[in-house]
Amino acid sequence: MSPEPAADHRRAERARRLVAQSAALGARPVRRLAGPVGSPTADPPGSPGPHPARTRPARTAGPTGTPTGTPIGARSGARTGRRPSRRTGPRDPERAAARLVARSTRATLAGLPTTPPSPYWRPGERTLRLLTVATVAAVAALATGHPWLLALAAGPAVLLTLAATGNDRPSRLDAENTVTPRRCLEGEPITVRITVRHDGRIGRLDPTAALGPGVALTAVTVGATEVDLVVRAERWGRWTLGSVDIDVYDAGGLARRTVRTDLGTVDVFPEPSAARLTPIPVRLPERLGEHTTAHEGTGVEVVGVRPYVPGERQRRIHWPSTTRRDAVQINQFAAERAADAVVLVDTLADFRDAATGRSSLDETLRAATGLTRAYLRRHDRIGLIAVGGKLRWLTAGSGERQSYRMVESVLEVRQDRGHRGHRGLLAPRIPVAALPRHALVYAFTPLADQRILDVLGRVRDLGNPLVVVEIPAGEPAVEPGDEIDAVALRLWHAEREAMRSALRARGVPVARYTPGEALDLALAPLLRRRIGGGAR
């Protein structure tokens, strides 16, 4: 037997054996023969095979050793070495969106643009490529003396001429945006829709977003005339969303023009910490509420019994006591009053924890917002005083609207950093109207600045009960083995402990709040007794 028929016979025998093995395993044999073991076209061991609708007839060996069931000349990508095209497939939109997000991130890091875009049409990338090909071909034809090279330049020149004469470029081109919502909480998404208005024919849109601080771009979707952005609010504050530059191409994709739209501002409210406890002072105003007092009133909590007085309601008779004492006894109810509270926020400085990256100013307002909501749920009145570069204060009020008014009044405290170095504004005189009589004052402060003690001393001198909620500012980072930094860290701890001791010496309780935990854990010890104040 000659070598070639023997080889054909071995190939046919091997094909029949593989077909039998595949049939026994329930797999489709065509994928087994599409390429060698380990190739991208071979099924992995134990694979159930492709969908039956896409099953092709099994490839078997014919008399000459050529597999039947497949046209001659048809080859798989694994045999010819050609890879599937990357320009098609479900991942193309995701890749394009990731590219737009990355480019917008670089533009955000570069800062907001200050110069307006050009109002004229200018060549696009396709025009520059075609001009480059035509120029190189013409130069090569002149340099080498071969006229046939001019044919390479004729093609791009004809395409540029046809595209330039057939385009109906718009003369009016602008953009408008819709931002939803304008007020949100930290971590919530903000949707921006930009619509391009035009009076002619346009091609594709290519946006680039330069966002302001406090927000981050998460997704971009480009349509025919709309661009949708999804922005996440990262930190509380009143932030400028930034601007978006959209490169609008003509119908032929040869020229482009840039339109810019400003997204305006957005108010991001802090995520309030979990708080339900509402400690109350010794004295409460004469206003109906939900806090039980030691005085007799018309509440719902029974605090004792007393003898019956003619004219009182019989439904208030306490029958067990009446039976024991042989005299009519009446239930004695406690009076229920509402409380007044004031939140004092220390914005003199903002410290960032080196270990966790938490901001003391962020945690201060989150804790203050949680306490504000707890008191408003009890129908109490609460006010606000922000001490920092500027004095901001809001009279005490009640209702859900009061919570939003308080937060909105301090959203711009980060912009007061330029005024914090002025000595006359560091310890301002607090207006009497900002502190109602006998109102319980909560001072949220990192206790990292000696000047806050002057402000707290003035509050204490007015006779209001005072509670200091300490917000940890984070310990400074110390290099191992650095004795000077270790001594500085001990002095830093000693200074903070001295400030706590000075407050406790004046009868001011100091509660330490741990970020990430419920504020009730810090305020629970205050429920053992009512907080007293001085005399105004």
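Start by selecting aspartate 326, which sits in the loop that runs between helix H7 (319-325) and strand E16 (329-337). The model on screen is a predicted one. The phi of aspartate 326 is near 55°, a positive value in a residue other than glycine. Most residues other than glycine have a negative phi. Is aspartate 326 buried or exposed? With a relative accessible area of 71%, aspartate 326 is exposed, because the cut-off for that class is over 50%.

**The whole chain**

Now zoom out and colour by secondary structure. The protein chain has 12 helices and 22 strands. It holds 536 residues, and 41% of them count as buried. The exposed surface of the protein chain comes to about 30,100 Å², with carbon and sulfur atoms supplying 55% of it. Among contacts in the protein chain with a separation of 6 or more, 71% are between residues 24 or more positions apart.

**Helix H8**

Select residues 360-377, which make up helix H8. How far apart are the end C-alpha atoms of H8? They are 26 Å apart, which agrees with the 26 Å that 18 residues should span at 1.5 Å a residue. Next, colour H8 by accessibility: 16 of its 18 residues are buried, so the helix is largely enclosed by the rest of the structure. Continue past the end of H8 to histidine 379, whose phi is positive, near 60°.

**Two more backbone stops**

Histidine 438 is in the loop between helix H9 (400-408) and strand E20 (440-445). Its phi is positive, about 65°, although histidine 438 is not a glycine. Histidine 438 counts as partly exposed, at 24% relative accessibility.

Then select threonine 180 and proline 181. A cis peptide bond joins the two, with omega about -10°. Most peptide bonds are trans. Proline 181 belongs to the loop between strand E4 (173-180) and strand E5 (183-185).

**An open sheet of four strands**

Show strands E3, E12, E11 and E7 together. They form an open sheet in the order E3-E12-E11-E7, with antiparallel pairing. Which strands stand at the edges? Strand E3 (122-123) and strand E7 (202-211) do; each has a single partner strand, so one side of each is left without a neighbour in the sheet.

Stay with E7 and its partner, strand E11 (residues 242-250): the two pair in the antiparallel sense over eight bridges. To look at one bridge, pick threonine 208, whose partner in E11 is aspartate 245. For a side-chain view, show arginine 204 and tyrosine 249. Arginine 204 lies over the face of tyrosine 249, at 4.2 Å from the ring centre.

Follow the chain from E11 towards strand E12 (255-262); alanine 251 is in the loop between them. Alanine 251 counts as partly exposed, at 34% relative accessibility. What is the C-alpha to C-alpha distance between alanine 251 and aspartate 168? The two are 7.5 Å apart in space and 83 residues apart in sequence.

**Strand E10 and its partner E13**

Select residues 237-240, strand E10. In a regular strand the side chains alternate between the two faces of the sheet. In E10, Gly237 and Trp239 make up the covered face, while Arg238 and Thr240 make up the uncovered one. E10 pairs with E13 in the antiparallel sense over four bridges. Glycine 237 stands opposite valine 268 in E13.

**An aromatic pair**

A search of the whole structure finds two aromatic pairs. One of them joins phenylalanine 269 and tyrosine 404: the ring centres are 5.6 Å apart and the planes stand at 85°, so the pair is edge-to-face. Phenylalanine 269 lies in strand E13 (residues 265-269) and tyrosine 404 in helix H9, so the pair ties together parts that are 135 residues apart in sequence. Phenylalanine 269 is buried, with a relative accessible area of 6%, whereas tyrosine 404 is partly exposed, at 33%.

**Last stop**

Finish at alanine 524, in the segment after helix H12 (520-523). Alanine 524 is partly exposed, with a relative accessible area of 35%. Add alanine 511 to the selection: the C-alpha atoms of alanine 524 and alanine 511 are separated by 9.3 Å, and the residues are 13 apart along the chain.

Technical notes:
Residues are numbered from 1 along each chain as its sequence is written. This is a predicted model: local features need pLDDT of at least 70, side-chain atom pairs count only at pLDDT 80 or more; totals for chains, interfaces and linings use all residues. Side-chain values use heavy atoms; hydrogens and water are left out. The expected span of a helix is 1.5 Å times one less than its number of residues. Buried means under 20% relative accessible area, exposed over 50%, partly exposed in between (1.4 Å probe, protein chains only). Two strands pair if DSSP finds at least two bridges between them. Rings of Phe, Tyr and Trp (its six-membered ring) pair if their centres lie within 6.5 Å; planes under 30 degrees apart count as stacked, over 60 as edge-to-face and the rest as tilted. A charge sits over a ring if NZ of Lys or CZ of Arg is within 6 Å of the ring centre and within 35 degrees of the ring normal. Contact means heavy atoms within 4.5 Å. Accessible areas come from the Shrake-Rupley method with a 1.4 Å probe; for residues, only the protein chains shown count as cover.
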